[in-house]
Amino acid sequence: MRINWNYIKGIVLFGLVVFLFAFSSAKNGNRKVTKPIIEFVEDQKPFITHATVSKLLIQNQQPLTNVPKETLDLNRLESALNTNAMIEKAEVYLNINGNFSAIIKQKKPIARVLNSNSYYIDSNGGNMPLSSNFTARVPIVTGEVSKKTLDTVYIMARKIDQNEFLKKNVVEIIQNKDRSISLKLRQCNFLVHIGSLEHLDKKVNNLRAFLKKAIKDKSLDKYSKVNLQFENQVVCTKV
């Protein structure tokens, strides 16, 4: 009987591959997780600390480190991070060596509502709690505001965040009873009444032109109110 050595070699090679795969899987599964690497994306001050993120990563009340890789539920850990009110998006990774990484994108505050229950309005129109770790330098929001009536305030706050002129000058957003908007400016005693947010770009340009002229004329202290609610004019009330 003629022996088919190629067939035997194939069986031996297949068995060796299966053995190595099983050995590697067992070794990899028993590999311990190292200390998590927590990274905050974008150039932001951390409103949430590394220590808080580490606590959120605890699974079944057990430390995350020095546990077998196969025991980790990455989806559960990622969900735990994403439920935090300070976090916009979180992703977790675990490589073959047991290195665990958590990539955190924080929410970005663009205004701070100032009342008995203060909180931030974030860049997506949601809200986020104040942080004991860092205070954002954003305009405050006062007046007739609640979490259910922030649509107009959010549009105004987003415009301020995206406009360098407004960002430099506006320190307070006031929502009036009729949902119209007024602004307080840095180093100015008068109130700027925006009214509705229709033709907002035109109103911002009018405000820019008025301030430029008033600064040149040294007349900023002569006004108690600047009304921009009419698209093509600036109505000023003197002190």
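**Two hairpins and a buried threonine**

Strands S4 and S5 are linked by a hairpin, with five residues making the connection. This comes from a predicted model. S4 covers residues 109-113 and S5 covers residues 119-122; the two run antiparallel and are held together by four bridges. One end of this pairing is easy to pick out, as proline 109 has aspartate 122 in S5 as its bridge partner.

S5 also pairs with S6, a strand made up of residues 127-128. This pair runs antiparallel too, with two bridges between the strands. Here isoleucine 121 is matched with asparagine 127 in S6. S5 and S6 form a hairpin as well, this time with four residues in between. Glycine 125 sits in that turn and has a positive phi of about 90 degrees.

Further along the chain, the focus shifts to threonine 149. This residue lies in the loop that runs from strand S7 (140-143) to helix H4 (151-162). Although it is a loop residue, threonine 149 counts as buried because its relative accessibility is 15%, and the cut-off for buried is under 20%.

What does threonine 149 touch, once neighbours within four places in sequence are left aside? The contacts are Glu144, Gln175 and Arg179. The last of these, arginine 179, is 30 residues away in sequence, yet the C-alpha to C-alpha separation from threonine 149 is 8.4 Å. There is also a polar contact back within the local stretch: the threonine 149 side chain reaches the backbone nitrogen of serine 146 at 3.0 Å.

Note on methods. Residues are numbered from 1 along each chain as its sequence is written. This is a predicted model: local features need pLDDT of at least 70, side-chain atom pairs count only at pLDDT 80 or more; totals for chains, interfaces and linings use all residues. Side-chain values use heavy atoms; hydrogens and water are left out. Buried means under 20% relative accessible area, exposed over 50%, partly exposed in between (1.4 Å probe, protein chains only). Contact means heavy atoms within 4.5 Å. A polar contact is a pair of N or O atoms within 3.5 Å; within protein, one must be able to donate a hydrogen and the other to accept it, and residues adjacent in sequence count only if both atoms are side-chain atoms. Two strands pair if DSSP finds at least two bridges between them.
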